[in-house]
Amino acid sequence: MKMEKKPEVYWTLLSHEGWSLYVAATSEGLCFVGSQDHPWDELSSWVSQRFPGSKLTQDDARLQPYVTELIAYLDGEKDRFSIPLDVRGTPFQRAVWEALCQIPFGQTRTYSDIAAQIQKPAAVRAVGAAIGANPVLICVPCHRVIGKNGTLTGYRGGMEMKEVLLSHEGSALRV
C-alpha cells in the first residue's frame with residue numbers, strides 16, 4: 001500500500017499599503033488567501049483542516065510570484081490573475097469557484113445567478129456554502145457575489161474587505 005505524500009504548504013504575509021493578509025501555496029499553486037488583518041490562526045486552522053499533517057513553512061521567495069500578482073491587482077494594475085491555483089474541494093464547490101472566476105472585473109452576480117450558471121438553479125443555499133468555503137479570496141472573486149436584492153451579503157474576509165474590493169473594482173451594485 002502506497003502512502004500519499006502530504007504536500008508541504010508554504011506561506012508568507014502580504015503587507016502592502018494597508019493590506020495585511022496571509023498567503024499560502026503548495027508546489028501546485030496558490031491554495032489560500034487570508035482575510036484582511038486576520039491572525040495567523042486563520043491560516044494554521046485552515047491548513048490543519050484541509051491538509052492534515054502537512055508541514056507549514058514560511059518561504060517568502062517561493063510566494064513572491066503570487067504576492068506580486070496580488071499587489072498588482074490591489075494597485076489597480078491587473079484585473080485578472082494568471083497564477084496557478086491549487087484549490088481543493090468537492091466537484092460542486094469547484095464548479096461554483098469556476099463560475100466565480102468567470103465574473104468580469106467590476107461586475108457582480110447574485111447567488112441565484114451562480115446557481116443558474118452551474119445548472120443547479122435550486123441549489124442557491126449550497127452555492128452560498130460553497131462560496132463561503134472559497135479558500136482563495138480575491139483570486140477566486142467571491143466578493144463579486146451579492147444578494148438578489150442588490151445588497152452586500154456575508155464574506156469570509158468580512159464586510160469591510162468585501163466593500164473595499166468592490167469599490168476598488170468600481171462595481172455598481174445592482175438594486
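**Exercise 1.** How many of the eight residues of strand β1 (residues 9-16) are buried?

*Solution.* The model is predicted. Buried means under 20% relative accessible area. Six of the eight residues in β1 meet that label, so the strand is mostly covered.

**Exercise 2.** Find the pairing partners of β1 and give the sense of each pairing.

*Solution.* Step one: take strand β4 (residues 56-58). It pairs with β1 in the parallel sense, over three bridges. Here tryptophan 11 stands opposite glutamine 58.
Step two: take strand β2 (residues 19-26). It pairs with β1 in the antiparallel sense, over seven bridges. Here leucine 14 stands opposite leucine 21.
Step three: inspect the link. β1 and β2 form a hairpin with two residues between them. Glutamate 17, in the turn, has a positive phi of about 40 degrees.

**Exercise 3.** Locate the aromatic cluster that contains Trp11, and the charge over tyrosine 10.

*Solution.* The structure holds seven aromatic pairs. Trp11 forms one cluster with Tyr22 and Trp40. Over the face of tyrosine 10 lies arginine 62, at 3.8 Å from the ring centre.

**Exercise 4.** Why is cysteine 139 in no disulfide with cysteine 101?

*Solution.* Step one: count the disulfides. There are zero. Cysteine 31 is in none, and its nearest cysteine sulfur, that of cysteine 139, is 11 Å away.
Step two: turn to cysteine 139. Its closest cysteine sulfur is in cysteine 101, at 8.6 Å. The cut-off for a disulfide is 2.5 Å. The sulfurs are therefore too far apart for a bond.
Step three: check accessibility. Cysteine 31 is at 0% and counts as buried. Cysteine 139, at 7%, also counts as buried.

Terms used: Residues are numbered from 1 along each chain as its sequence is written. This is a predicted model: local features need pLDDT of at least 70, side-chain atom pairs count only at pLDDT 80 or more; totals for chains, interfaces and linings use all residues. Side-chain values use heavy atoms; hydrogens and water are left out. Buried means under 20% relative accessible area, exposed over 50%, partly exposed in between (1.4 Å probe, protein chains only). Helices (H or I, at least four residues) and strands (E, at least two) are DSSP runs, numbered from the N terminus. Two strands pair if DSSP finds at least two bridges between them. Rings of Phe, Tyr and Trp (its six-membered ring) pair if their centres lie within 6.5 Å; planes under 30 degrees apart count as stacked, over 60 as edge-to-face and the rest as tilted. A charge sits over a ring if NZ of Lys or CZ of Arg is within 6 Å of the ring centre and within 35 degrees of the ring normal.
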